[in-house]
Amino acid sequence: MGWVKRLSRCIPVPWRPIPFIGEEEEAPSHLPFAPLSELCENETSTTVDPSYIISLIRQLLPRDVEKPDVSKSPSSVKETMVMQAHTDLCSNGDMIKGYIENFQHLPVDKKGSSFTNGDDGTHQEFGDEERAGIPEHTGDSEIKDPWEDSGCILWDLSANKSHAEFMVDNFLLDVLLASLLVSRSLRVTEICLGIIGNLACHDDLGRRIVSKSGLIETVVQQLFLDDSTCLSETFRLLTAGLQGNKFASWAEALLPDQVLLRVLWIIGNTLNTVLLGKSTDFLLTIVSNQEVSTILLQPLVELGLPNLIAGLLASELSKLEDETKLERFSVLDSILGLVEALSATDNYSKVIISNEELLPLICALLKLPEKIEVANSCVSAIVILANLLVDEQHIASKFSQDFSFLQGLLEILPLVSEDPQSRSAFWCIMARLLGEVQEDDISISALQQFASLFANKSHLIEEDIESHPMEDLDESPSIPEGHNATAIFLRRLASILKKWVSVKSAIPEKGVADSNEDNESKIQRLLHYCCKYVRLK
């Protein structure tokens, strides 16, 4: 009776640019939303003027390293930016110079360095105040930042593959890398990372991101920022990179201990729900991808990943009774999904067992009286336990006579009934647990508790089996694995119930605690039901 382990899997999709915000921040009112058609992967046509996209890319030219002299020509302004970047960034200066020199090759309209201001069609020179990044004061004193506006629009458009490819063909990666290297603005950094994160979701562009010298290393360095929005975008980008065809380059960039320690520190210390979700998704990608896990998983385990997961799980379980933190259910789901993936990875189930806190915490979740709101987490917990029992069969004896745990398991049955894999995991667990029960060796009181517990929950067992019609459940090579486990469970349960019936009839009624006619009727009915399916004589 085996259990086929189930791997959790994340699939990268282009993400709409709704910036992640801190717990006490509000989303900017100007943030653009792309039409649904522009977000569709299969969309091949576009109504966006290519020259408009190019003008947006020009708006992102790095310029916050120094205020340009508007009296100079556009070419002189570029030279000033290059030289200032070289001075400020030392070792990165030559890289910046090369990137910004590439901007000279961007297509322009007939007026050379001028651009169309989309509002009134008039033209402004590159050295104009708005182009230089100097805030424009409107009548209502609202400050507009053309860099941020252009960045958000490109962020939105980059979710579309055809738009994204056009952007990369026109040096967007060069512009974004230069901005990351010279910018002192966290908002600029967030937008740059968000755009690259969208680009990384398109397979072909993922290769071009990796081939851009210095880009991966620059992205990894953003992990050492202390801003939750930038860190959220960094983890999203790293996740997309590890899911792409060039995952090895991203994994190797993350391999240094100081980087992995920083990752674990962020996950263990952040109070931001979005950042915690993105960072746990990042870890889930590492664990779920066999090739990536070969590079990064063992170093993470050695640096304390199991202890981190146990701490996160304990923290989230402690918050379940707080009605003001209902949004934390998604975080709990992410953490359990990570443990599920780890339990399904070869040679790592022992990592979970070796941690003295993880298994008790998972069992505590299964014992919760109210399971509807944490249904997804409970399903993950079932799969985790089934996976652990494959390699660590001895743990079944620890829980085989834990009646509150058995009751919790039975109450989860309706939650897994419609998922074949989870349902199979459930019946494998129950078969293993009852396989540890030797009805001839346990006490009368324990025997009675077994009989009463399963009789009181018999309706759950019957409803599940009746909703999955099957023939006689006797073991046969032709019977699917999950059905086989169900047959073993019913056979073991029938043996326990038969033993209780025979023992009870041989002792005075006053010697049986809490014996009542209704309960005994349920036991007899359940025994008959089990025997009907397994033909137990």
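1. A word on terms before we start: a residue is called buried when its relative accessible area is under 20%, exposed when over 50% and partly exposed in between, with a 1.4 Å probe and protein chains only. By that rule Ile 266, at 2% relative accessibility, counts as buried.

2. Please keep in mind that this is a predicted model, where local features need pLDDT of at least 70 and side-chain atom pairs count only at pLDDT 80 or more, while totals for chains, interfaces and linings use all residues. Residues are numbered from 1 along each chain as its sequence is written, and side-chain values use heavy atoms, with hydrogens and water left out.

3. The chain as a whole: its secondary structure comes to 26 helices and 4 strands (DSSP runs numbered from the N terminus; helices are H or I with at least four residues, strands E with at least two). Of the 537 residues, 54% are buried. Taking contacts (heavy atoms within 4.5 Å) between residues at least 6 apart in sequence, 75% join residues at least 24 apart.

4. Back to Ile 266, which lies in helix α12. Leaving aside neighbours within four places in sequence, Ile 266 is in contact with Leu 223, Leu 231, Phe 235 and Leu 275. Leu 223 is 43 residues away along the chain, and its C-alpha atom is separated from that of Ile 266 by 8.6 Å.

5. Helix α11 (residues 247-254) is worth a look too. Its residues Phe 247, Trp 250, Ala 251, Ala 253 and Leu 254 are buried. They cover an arc of only 160° around the axis (taken from the directions from the helix axis to the C-beta atoms), so they sit on the same side of α11. The buried residues of α11 pack against α8, α9 (215-221), α10, α12 (257-269), α13 (273-288) and α14 (290-302).

6. Finally, the cavities. A cavity here is a set of points on a 1 Å grid over the protein atoms alone, where a 1.4 Å probe fits but cannot get out; lining residues have an atom within 4 Å of a point. The volume is the space filled by probe spheres set on the points, which are joined across faces, edges and corners. The whole structure holds 4 cavities of 30 Å³ or more, and the largest has a volume of about 80 Å³.

7. Which helices each supply at least two residues of the lining of the largest cavity? They are α8 (203-211) and α10 (228-243), with α8 giving the largest share, 4 residues. Trp 250 is among the lining residues, and this residue is also one of those buried in α11.

How values were computed
1 Å grid on protein atoms, 1.4 Å probe; cavity = no way out; pocket = protein on both sides within 12 Å on 5 of 7 lines; lining within 4 Å.
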